[in-house]
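Good morning, everyone, and thank you for coming. Please have a look at the sequence and the structure first, and then I will take you through them piece by piece.

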There are 2 protein chains.
Amino acid sequence: MKVPYGRAEIREILTECVRLSGLREAYVEVVCTRGVPPPGSRDPRECENRLYAFAVPFVWIADPEKQERGLDAVIGRVQRIQPEAVDPTVKNYHWLDLVAGLYEAYDRGGETAILTDSEDNVVEGPGFNVFIVKDGNISTPSRGVLKGITRRTIIELASELGIPLEARAVTAAEVRAADEVFITSTAGGIMPVTQVDGAPVGDGTPGPVTLRLRDAYWELHRDPRYVTPVRYD
Amino acid sequence: MKVPYGRAEIREILTECVRLSGLREAYVEVVCTRGVPPPGSRDPRECENRLYAFAVPFVWIADPEKQERGLDAVIGRVQRIQPEAVDPTVKNYHWLDLVAGLYEAYDRGGETAILTDSEDNVVEGPGFNVFIVKDGNISTPSRGVLKGITRRTIIELASELGIPLEARAVTAAEVRAADEVFITSTAGGIMPVTQVDGAPVGDGTPGPVTLRLRDAYWELHRDPRYVTPVRYD
């Protein structure tokens, strides 16, 4: 697909979206679509790729109250679509596995789902990356996942704070045995997971590494390196 | 998901679609959507499932001229989404793998793509099921595929015509070594594939089993068991 605008134009479109919305706390999304082929054609080369963008009031995967106590996650039996079929590093809307995982989580008394690949490694959940902390070391899945912006920020923050972090295969068993588990997303930042499959993670409250990273993450929102100012009227 | 109408109502909606369109050769589609959750929610249980349907002029996966000589198919390196992630027996729009397969086919000089699973068994292509004929026996993949209506019709027809047919795992190597290959879809019926990966299938022309089934298939359109009449004004 060919994004019909350059980076500078997209930046302009997005800041304009936020400015026009008047929102001070916005969730901003930009999507490139393939477009539709002429009637009767099924040839994707005949589609004109398009771009749309919107700003809405900030969306939380988990509301701030839920984040205080931490989320109840279920490791789903549904597998995440494999990278050999759809490249997960390109954010996309192939979410039926993630939605099926959510239904499974609700059925099993959870609030969200963490999906695995065919080898029982955890990969990601509906809209978020996953991290575990064990004996002071952070790990996050390296394969079969979106390389999310918030995920990258955590990797940078861990480095700055001197906390060891490794991107590698992480098994479902490791998630269940972790001292801390947290998830990351543009929609909510860093969110503690305090129960997995109905059992507490560590002592069942948000852990110190998670909270330290969360504070550092929100602190970055005041850092000019990470901020694009919007000139409201 | 909960389809918001019963079978009789859907039949009424679809015949009404065709009647209103005035089309004598229509492609009719009915889709159940999850719907959208309230603003700010990501909970799929809060969506109101909906149904839409449309009739358009008949769509051919391959136009009749192309069907006469047979299609050039490429066995894609992209894998089809695995059944453990998304149930292929429920027709859905998770097509990024199929579209990527199409691009790969075009790049390699083909016209359409046949995708495999992680074990190099062929499964399906963009909107169609796959059949091979070897030594008078028909085979079609049993797993990882939509159980298409046209596929089922072929299974019934083969039985009526006394041609042995087995639904089983079919390897990519078997497709390349087949006497005949054909694909089936509502959008086009039974279509011969006369080249696979740039090499001719059999003698490179549509084979006798394929043509016999194709004739029998179109013949069925006059059989009241398979026909829903539309009362045009």
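Let me begin with a question: in which loop of chain B does B:Gly40 lie? B:Gly40 lies in the loop between strand S1 (26–33) and strand S2 (50–57) of chain B, where strands (E, at least two residues) and helices (H or I, at least four) are DSSP runs numbered from the N terminus.

Before going further, I should say that this is a predicted model, in which local features need pLDDT of at least 70 and side-chain atom pairs count only at pLDDT 80 or more, while totals for chains, interfaces and linings use all residues. Residues are numbered from 1 along each chain as its sequence is written, and chains are lettered from A, and ligands numbered from 1, in the order in which they are written.

Returning to that loop, B:Gly40 is partly exposed, with 13 other C-beta atoms within 10 Å; for this term, C-beta atoms are placed from the backbone, and a residue is buried if 20 or more others lie within 10 Å of its own, exposed if 12 or fewer, and partly exposed in between. B:Gly40 and B:Val59 are 19 residues apart in sequence, and their C-alpha atoms are 39 Å apart in space. Leaving aside residues up to four places away in sequence, B:Gly40 touches A:Pro57 and A:Val59, where contact asks for C-beta atoms, placed from the backbone, within 7 Å.

That brings us to the interface, where 27 residues of chain A are in contact with 27 residues of chain B. On the side of chain A that touches chain B, the elements giving two or more residues are strand S2 (50–57), strand S3 (71–79) and helix H3 (96–107) of chain A, and H3(A) gives the most, with 6 residues. That side of chain A divides into 16 nonpolar, 6 polar and 5 charged residues; here Ala, Val, Leu, Ile, Met, Phe, Trp, Tyr, Cys and Pro count as nonpolar, Asp, Glu, Lys and Arg as charged, and the others, Gly among them, as polar.

How are the two chains related? A rotation of 180 degrees, with 0.0 Å of shift along its axis, superposes chain A on chain B with an RMSD of 0.0 Å, which is the relation of a two-fold axis; the fit is by least squares on the C-alpha atoms of residues with pLDDT of at least 70 in both copies. Since 100% of the interface residues of chain A are also interface residues in chain B, the copies meet through the same surface.

Let us stay with H3(A), which has 12 residues and reaches 16 Å from its first C-alpha to its last, close to the 16 Å expected at 1.5 Å a residue, the expected span being 1.5 Å times one less than the number of residues. Its buried residues are A:Asp97, A:Leu98, A:Ala100, A:Gly101, A:Leu102 and A:Ala105, and the buried residues of H3(A) pack against S3, strand S4 (112–116) and strand S5 (124–125) of chain A. Just after H3(A), A:Gly109 takes a positive phi of about 85 degrees.

Finally, consider the start of chain A, where the 15 residues of helix H1 (residues 7–21) should span 21 Å at 1.5 Å a residue, and the end C-alpha atoms are 21 Å apart, which agrees. Just after H1(A), A:Gly22 takes a positive phi of about 75 degrees. A:Arg24 lies in the loop between H1 and strand S1 (26–33) of chain A, and A:Arg24 counts as exposed because it has 10 C-beta neighbours inside 10 Å.

Conventions
Contact = placed C-beta atoms within 7 Å.
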